[in-house]
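Student: Could you take me through one part of this structure slowly? I'd like a close look at the sheet, and then a quick word on what sits elsewhere.

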Amino acid sequence: LRQKQRKQDIRHIAVAGLSAGQVMMLAVALYAGATQGMEPSTTQLLRWFSLLLTVPAVLYAALPFYRSAWAALRRRQVNMDTSVSLGLLGGFFGSLWATVHGHGVVYYDTITMLAFFLLVTRFFERNAQQKSVEAAENLLRLIPTMATRILDGQQQLVAVHELDAGDIILAKPGETIAADGVVVEGASNVDESLLTGESRPLPKSQGHAV
């Protein structure tokens, strides 16, 4: 599911980035034309091209913002994506109105760049969250499912969830200790790097917590 979401995010970013790049090139021409006397018909033509290139960014790339905003509104709440969606749609329809009527200001470059940068930011944020989740999952995988319990001098292989407070278990060399506890007999070195960051194994003997 995470890989599928990642691919989908990359597609949204690619569409927004391509749209933003093309619209920005036209925007440079429009900005220059406003100061250097571009023909009104040429200006209008560039605006129509900008509109067409903005449509994929607004209707496809920005879908994650709309879905999140709609889900929040259904819960009678607002979130950051609510304001983002209002900004994108408001800027788009305002620019569309200006394009159709042939006067006013258009914001196609702003709309596409905003969608692109927000999608990239969300992509990095989601990756960071997923790495945290994966790290937690890896820790859970390290927890053994079975333990060697010592009862009346006999060793019994039992499931970890069957252990009770006060049970004595045997931790063999190289094994992951099956549960938190206190050393009652023996001495060895224990690798606690995943918990403490200390790379060297730490000596443990009777009375030490493990």
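**A close look at the sheet**

Tutor: Sure! Strand β1 covers residues 146-151, and six bridges join β1 to β2, with the two running antiparallel. Keep in mind as you look that this is a predicted model. To pick out one of the pairs, find Leu151: its bridge partner in β2 is Gln154.

Now bring in the third strand. The sheet is open, its order is β2-β1-β3, and the pairing is antiparallel. That leaves β2 (154-159) and β3 (168-170) as the edge strands, each pairing on one side only. If you ignore direction, neighbouring strands in this sheet are turned by 45° against each other on average.

Okay, on to the surface. Leu139, Leu142, Leu194 and Leu195 make up a nonpolar patch there, and together they have about 420 Å² of accessible area. Two elements give two or more residues each to this patch: α5 (108-142) and α6 (193-196). Take Leu194 from that group, which you'll find in helix α6. Leu194 counts as exposed because its relative accessibility is 56%, and the cut-off for exposed is over 50%.

For the opposite case, try Gln44 in helix α2, which spans residues 40-61. Gln44 has a relative accessible area of 18%, so it counts as buried; the limit for that is under 20%. And what does Gln44 touch, leaving aside its neighbours within four places in sequence? Gln44 is in contact with Thr99 and Gly102.

Conventions
Residues are numbered from 1 along each chain as its sequence is written. This is a predicted model: local features need pLDDT of at least 70, side-chain atom pairs count only at pLDDT 80 or more; totals for chains, interfaces and linings use all residues. Side-chain values use heavy atoms; hydrogens and water are left out. Two strands pair if DSSP finds at least two bridges between them. Helices (H or I, at least four residues) and strands (E, at least two) are DSSP runs, numbered from the N terminus. Axes are lines fitted to C-alpha atoms, for helices over the stretch in contact, and angles run from 0 to 180 degrees between N-to-C directions. Patches are made of residues with over 30% relative accessible area and no salt bridge: like charges are joined within 9 Å, nonpolar side chains (Val, Leu, Ile, Met, Phe, Trp, Tyr) within 5 Å. Accessible areas come from the Shrake-Rupley method with a 1.4 Å probe; for residues, only the protein chains shown count as cover. A salt bridge is a side-chain nitrogen of Lys or Arg within 4 Å of a carboxyl oxygen of Asp or Glu. Buried means under 20% relative accessible area, exposed over 50%, partly exposed in between (1.4 Å probe, protein chains only). Contact means heavy atoms within 4.5 Å.
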